[in-house]
Amino acid sequence: MVTTQITLVQIDNYGPWTVTPEPRREVDLQTLQSRLYADLSQQIGREGGYVFFTRFDNMIAVTNGLSRADHDLIQESVGNRYPVSVSMGIGTDPSPRAALADATRVLQTAGSAQDGERREILGGEVLPEDDRTDDDVQIAHFDVIDVTGTYTDRVDAFETFIAIEQGYAALMRHMHAEHDSLSFFVGGDNIIATCPDLSQSAYEAAIAHVSEAVDVDLQVGVGRGRSAHDAGMAAKHALEECRHNGTRVERTAVADD
């Protein structure tokens with residue numbers, strides 16, 4: 001059974017900070033956000049987790065295997081090296097959507113994202129080590145079929161960007177509404193989703209929905225594992241099977257409908 005641990009990372013009091021004592025240069029803000037994301041990606045990744053930038057001032061991580069002490073050390077590291085601090089809410093649930101909702105409530109209950117008094121909150125419960133299994137995380141790695149031949153080498157870069165973003169938006173909405181999954185654009189033509197225990201037919205339906213909605217054709221590799229890293233690597237290998245076999249969905253060996 002899938003049990004996903006989600007951590008919401010939120011920069012404290014970020015909106016007011018960006019205009020105090022006067023509006024800061026946008027290039028400086030973009031640099032800070034990208035460096036913070038890179039640092040969090042590296043620190044959480046060392047423990048087998050994945051972090052996704054979403055809005056940059058809010059980042060969502062799959063953190064199965066990270067303890068509260070691990071989260072606390074990351075907060076301390078950020079506080080020591082950046083002019084901003086971060087708060088973290090943790091949630092666990094078979095549904096990634098529900099886990100994120102729980103993590104979000106932790107921070108909302110502690111105070112507004114623009115409350116100058118709310119700093120370095122760490123709340124919520126991690127998945128106990130004794131309750132962890134080798135199938136806790138299900139990751140789906142989507143990409144566009146022949147993106148180079150269809151888009152990159154045929155239309156201008158911005159039209160390609162629009163097509164990829166439309167595909168991402170259609171997939172993200174469908175997977176969230178129909179399957180309680182959280183999907184994230186990770187660059188190029190790649191989208192990674194953290195999912196509950198979904199069937200082969202659910203992935204086939206998602207791909208068909210995107211094709212019908214925005215005329216973007218996807219393929220997906222699906223993996224299971226003890227951590228996001230383990231599941232993600234299995235998904236990458238499954239995606240390579242799609243490319244090699246010309247199939248739309250490949251997955252690791254799990255029970256299917």
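The exercises below, each with a worked solution, concern a predicted model.

**Exercise 1.** Determine how helix α2 and helix α3 are oriented towards each other, and which residues bring them together.

*Solution.* Begin with the geometry: α2 covers residues 26–46 and α3 covers residues 68–81, and the two pack at an angle of about 150° with their axes 11 Å apart. Next, apply the cut-off, by which angles over 145 degrees count as roughly antiparallel; α2 is therefore roughly antiparallel to α3. The crossing of these two helices is right-handed. Finally, turn to the residues, where L36, D39, L40, Q43 and I44 on the α2 side meet I74, S77, V78 and R81 on the α3 side. Sorted by class, this contact has 5 nonpolar, 2 polar and 2 charged residues.

**Exercise 2.** Work out the strand order of the open sheet that contains β1, and find where α3 lies relative to its strands.

*Solution.* The sheet has 5 strands in the order β2-β3-β1-β4-β5, and its pairing is mixed. At its edges are β2 (50–52) and β5, each of which pairs on one side only. Looking at one of these edges, β5 pairs with strand β4 (residues 86–93) in the parallel sense over 2 bridges, and M88 has L122 in β5 as its bridge partner. The helix α3 lies across β1 (4–11), β4 and β5, and runs at about 160° to β4.

**Exercise 3.** Describe the open sheet that contains β7, beginning with its strand order and ending with a bridge between two of its strands.

*Solution.* This sheet is likewise described by its order, which is β7-β8-β6-β9-β10 for 5 strands with mixed pairing. The edge strands, each pairing on one side only, are β7 (182–185) and β10 (249–251). From one strand to the next, the twist averages 20°. At the β7 edge, 4 bridges join β7 to strand β8 (residues 190–195), and these two strands run antiparallel; one such pair of bridge partners consists of S183 and A193, the latter in β8.

**Exercise 4.** Explain why the pair R226 and E129 counts as a salt bridge, and state which parts of the chain the pair links.

*Solution.* Side chains of opposite charge can pair when their charged atoms come close. The rule requires a nitrogen of Lys or Arg within 4 Å of a carboxyl oxygen of Asp or Glu, and the N to O distance between R226 and E129 is 3.1 Å, so the pair qualifies. To place the two residues, note that R226 is in the loop between β9 (218–225) and α8 (228–245), whereas E129 is in the loop between β5 (122–123) and β6 (137–144). The pair thus links distant parts of the chain, 97 residues apart. By this rule, the count of salt bridges comes to 12.

Terms used:
Residues are numbered from 1 along each chain as its sequence is written. This is a predicted model: local features need pLDDT of at least 70, side-chain atom pairs count only at pLDDT 80 or more; totals for chains, interfaces and linings use all residues. Side-chain values use heavy atoms; hydrogens and water are left out. Axes are lines fitted to C-alpha atoms, for helices over the stretch in contact, and angles run from 0 to 180 degrees between N-to-C directions. Angles under 35 degrees count as roughly parallel, over 145 as roughly antiparallel, 65 to 115 as roughly perpendicular and the rest as oblique. A crossing is left-handed if the near helix is turned anticlockwise from the far one by less than a right angle, and right-handed if clockwise. Contact means heavy atoms within 4.5 Å. Ala, Val, Leu, Ile, Met, Phe, Trp, Tyr, Cys and Pro count as nonpolar, Asp, Glu, Lys and Arg as charged, and the others, Gly among them, as polar. Two strands pair if DSSP finds at least two bridges between them. A salt bridge is a side-chain nitrogen of Lys or Arg within 4 Å of a carboxyl oxygen of Asp or Glu.
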